[in-house]
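User: I would like to go through how the terms applied to this model are justified, one at a time. Could you set each value against its criterion?

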Amino acid sequence: MDVAAANESSISLEELLGLLPPGLFPSAEALGRFIAADENLARRLATTGGEVTPRGREALAAQRLRQRNLAERRIAEAGRFLDHLGKVCPWVELAGVSGSTAYGGAKPTDDIDFFLVTRRRRLWATMLLALLRAKVERLRFPGAPVYCFNRLLERAACGRAFQERRDALFAREALNLRVLRGGLLYHDLLTSASWMAGPFPGLYAARLSGGGRAVPQEDAGGPAGRVLNAAALLVLGPYLWLAGLSRNARLRREGRDKECFRVVVRPDVCATESVLYDELREEYRRAFA
């Protein structure tokens, strides 16, 4: 609740119900009645229009509705972008949106954060082509939101992350991912990460329902694709690292230290994680210890 309010958002009763162990409440409405009837909770929390906010900040509920509407428009925009990207990157096996848009809390100044999983030796070619396509979109529509490719992984690296990360924030991010391509692979990844049922049993069960088995994909692009991938890594790796240093220096000058970030550059992973993300991870660790 405090995390949502700190980000100028509320949390819905449905979302809150999904974070609780299954069976505690038969419905979101029952959870809302419980909050209203409990003297201690009612003193701290308010339920308005199916949203839960800290007492005195009920206006966040109406703001959340606007954020959800914007998030849905952003999801549709991300889907159109992925349609174009898929034509030149057929080796992208899973594509989704994370961050505030995935949570339904998008604000006009927020980026659209993409989560992409590629076949082996195709990650950096994907990053290069995605950045070029995003540049074209910005030239055509200057007012469009910024596309941020903040987590790209090869399929094997993604599988290891789902099985081995084992921290509550990673689980929450993964379980709230808005998957736009590759639903079967996403189901496989969740199946391999049963540890997520520990911190979020209800949400894990809900996301795991349905689905099937992803079919292993043959390589696409041939030797030319591998050459492009190696060349893209040689160019983009140093560029992203230097760009990160430059942006972090600017953020510190502006007093926005918590927005500073590190860039992870490996042949099978490209990711950015901020100081704020690290602090949030620590908060989740303490909460679920």
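The exchange below takes up a helix pair and then a sheet.

Analyst: Please keep in mind throughout that this is a predicted model.

User: Why are α5 and α7 called oblique to each other?

Analyst: The axes of helix α5 (residues 59-88) and helix α7 (residues 123-140) come within 10 Å and cross at roughly 135°. Angles over 145 degrees count as roughly antiparallel and those from 65 to 115 as roughly perpendicular, with the rest, apart from those under 35, taken as oblique; α5 and α7 are therefore oblique to each other. The crossing of α5 and α7 is, in addition, right-handed.

User: Which residues of α5 and α7 meet, and what is the make-up of that contact by class?

Analyst: From α5, the residues F81, H84, L85 and V88 meet L129, A130, R133, A134 and E137 of α7. Sorted by class, this contact of α5 with α7 comprises six nonpolar residues, one polar residue and two charged residues.

User: What makes β7 and β8 edge strands?

Analyst: The open sheet is formed by six strands in the order β7-β4-β5-β6-β9-β8, with mixed pairing. Both β7 (178-181) and β8 (261-266) pair on one side only, and these are the edge strands.

User: How do you know that β4 and β7 pair?

Analyst: Pairing requires at least two bridges between two strands, and three bridges join β4 (residues 92-98) to β7, the two running antiparallel; one of the bridge partnerships is that of A95 with R181 in β7.

Technical notes: Residues are numbered from 1 along each chain as its sequence is written. This is a predicted model: local features need pLDDT of at least 70, side-chain atom pairs count only at pLDDT 80 or more; totals for chains, interfaces and linings use all residues. Side-chain values use heavy atoms; hydrogens and water are left out. Axes are lines fitted to C-alpha atoms, for helices over the stretch in contact, and angles run from 0 to 180 degrees between N-to-C directions. Helices (H or I, at least four residues) and strands (E, at least two) are DSSP runs, numbered from the N terminus. A crossing is left-handed if the near helix is turned anticlockwise from the far one by less than a right angle, and right-handed if clockwise. Contact means heavy atoms within 4.5 Å. Ala, Val, Leu, Ile, Met, Phe, Trp, Tyr, Cys and Pro count as nonpolar, Asp, Glu, Lys and Arg as charged, and the others, Gly among them, as polar.
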